[in-house]
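Student: I am new to this structure and would like a close look at one part of it, the salt bridges. Please take one pair at a time and then place the pairs in their surroundings.

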Amino acid sequence: MNQPAQKDSVELLDNDMAGKNLSGYWRLGMEGLPDHPVTSVQPCLWKWVDVYESVVRAGEVISLENSERRVVRLVNPGLDKKNGFATHTIQVSFQYVKPGENARAHRHTPAALRFVIQGNGAYTTVNGQQCVMEPGDLILTPKLTWHDHSNDSAEPMLWLDGLDFPLVTALQQVMQERYTERRQPIEKSSEDVIRDQACGDFFHYKWRDTEPALRALAKSPSARDRFDGYLFEYRNPLTGGPTMTTIQCAVQLLAAKEETESHRHTSTVMYHVFHGCGTTEIGEQSFEWQQGDTFVVPLWYAHRHVNSSSDDAIFFSMSDAPTLKALELYREEF
């Protein structure tokens, strides 16, 4: 005797489809997609005292003979801790190279940048171009450029590393290759390129040039941005475009006792406090910062800055805005 046909149902359909690597859109529920961007990145501030203690301790127990790099990474509490990412698009870490040390030459698909915090006289070599480091300098190592770091000075060097590692990871394009020798041969200096950009690629923004430009901007009241104070972006000197394809870098000055207005945008921004002290309100939270601290403003979080001191405050910032603008996903609201 024939069994009656089983009545079909959503549950049966879902189960059958799952075995065929299929899924129905209806499983998202009636709400479907959110009506605004949502991120798992959480507002967070990393204190300089914690970072500095960690990198100095690492200098005593981590050898560059046994580790490719000596870096301490900022880990966002809202992301998977095993990845060590500060945001979903930007990785931020702090690198420490002691006198006489060399971090060997390699290259990788993630683009990287170095913002120098402490020390003088060490250098990064990028595709044969020697970039001697001073505090406040910004040095770029675009994707697949050979680079190594050498400290022939008498003092430790410490700088901030920013990379688009999380973005490249999401695209499954991460790779790294070692150079045939520990150090690259030096073919030219960044000073040569600054004097004559025809002699090589531009990798090195000197603080001695950046600070006067920022101070000059701050003397013009009409240049003040109500959300960011005086914002000076690092631009590609050849194209006039963003600092790097995926990361826009900037320095930002908040005058003494200045308070900015609140806004939000679809880009995520990492801030490093180069000078000064104050407070930044992010969503419903308030973060007090001082020189050396680093904090993140996740996408679509309303935020504003307050310089509580009687002196100027200066941020160095990194934003994933170029990526969002290329995808026509960038927007701002105030």
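Tutor: Start with lysine 206, which forms a salt bridge with aspartate 137; the closest N and O atoms are 3.0 Å apart. This pair links distant parts of the chain, 69 residues apart. Lysine 206 sits in the loop between strand S13 (204–205) and helix H5, while aspartate 137 sits in the loop between strand S7 (129–132) and strand S8 (138–141). Both lysine 206 and aspartate 137 are buried. The two also belong to a network of salt bridges that includes Glu134 along with Asp137 and Lys206. Please keep in mind that this is a predicted model.

The pair is part of a longer list, since a search of the whole structure finds 21 salt bridges. Another one joins the side chains of glutamate 65 and arginine 182, with 3.7 Å from N to O. Glutamate 65 is in the loop between helix H2 (48–61) and strand S2, and arginine 182 is in the loop between strand S11 (176–178) and strand S12 (188–189), so this salt bridge ties together parts that are 117 residues apart in sequence. Glutamate 65 has a relative accessible area of 63% and is therefore exposed. Arginine 182, at 25%, is partly exposed.

A further salt bridge is formed by the side chains of glutamate 333 and arginine 264, at 2.4 Å from N to O. Because glutamate 333 lies in strand S23 and arginine 264 in strand S16 (residues 264–265), the pair ties together parts 69 residues apart in sequence. Glutamate 333 is partly exposed, with a relative accessible area of 34%. Arginine 264 is partly exposed as well, with a value of 25%.

Strand S23 (residues 332–333) also holds glutamate 332. Glutamate 332 counts as partly exposed because its relative accessibility is 37%. Leaving aside residues up to four places away in sequence, glutamate 332 touches Phe227, His263, Arg264 and His265. Arg264 is thus a contact of glutamate 332 and the salt-bridge partner of glutamate 333. From the C-alpha atom of glutamate 332 to that of cysteine 249 the separation is 18 Å, and the two residues are 83 apart along the chain.

Now return to the first pair and follow the chain from lysine 206, whose loop leads to helix H5. First, the sheet on which this helix packs. Six strands form an open sheet, in the order S1-S20-S17-S22-S15-S14, with antiparallel pairing. Strand S1 (44–46) and strand S14 (230–233) each have a single partner strand, so one side of each is left without a neighbour in the sheet. On average, neighbouring strands of this sheet are turned by 25° against each other, direction ignored. Helix H5 (residues 207–218) packs on the sheet and touches S14, strand S15 (248–254), S17 and strand S22 (313–319). The direction of H5 makes about 145° with that of S14.

Within that sheet, strand S17 (residues 269–275) pairs with strand S20 (residues 294–297) in the antiparallel sense over four bridges. One of the residue pairs there is tyrosine 271 with phenylalanine 295 in S20 as its bridge partner.

The second pair leads elsewhere, since the loop of glutamate 65 runs between helix H2 and strand S2. Strand S2 (residues 71–73) pairs with strand S3 in the antiparallel sense over three bridges. Valine 72 stands opposite phenylalanine 94 in S3. Strand S3 is also joined by seven bridges to strand S10 (residues 157–163), and these two run antiparallel. Here valine 92 stands opposite glycine 162 in S10.

How many residues of strand S3 are buried? Strand S3 (residues 91–97) is mostly covered, with seven of its seven residues buried. Its two faces are both covered: Gln91, Ser93, Gln95 and Val97 are buried on one side, and Val92, Phe94 and Tyr96 on the other.

One last feature lies on the surface. Val10, Leu13 and Trp26 form a nonpolar patch with about 290 Å² of accessible area together. Tryptophan 26 is in the loop between helix H1 (10–18) and strand S1. Its relative accessibility is 46%, so tryptophan 26 counts as partly exposed.

Definitions and conventions: Residues numbered from 1 in each chain as written. Predicted model: local features only at pLDDT ≥ 70, side-chain atom pairs only at ≥ 80, totals over all residues. Heavy atoms only, no water. Pairing = 2+ DSSP bridges. Axes fitted to C-alpha atoms, helices over the stretch in contact; angles between N-to-C directions. Contact = heavy atoms within 4.5 Å. Patch = residues over 30% accessible without salt bridge, like charges linked within 9 Å, V, L, I, M, F, W, Y side chains within 5 Å. Areas by Shrake-Rupley, 256 points an atom, 1.4 Å probe, with all protein chains shown as cover. Salt bridge = Lys/Arg side-chain N within 4 Å of Asp/Glu carboxyl O. Buried < 20%, exposed > 50% of the residue type's maximum accessible area, 1.4 Å probe, protein only.
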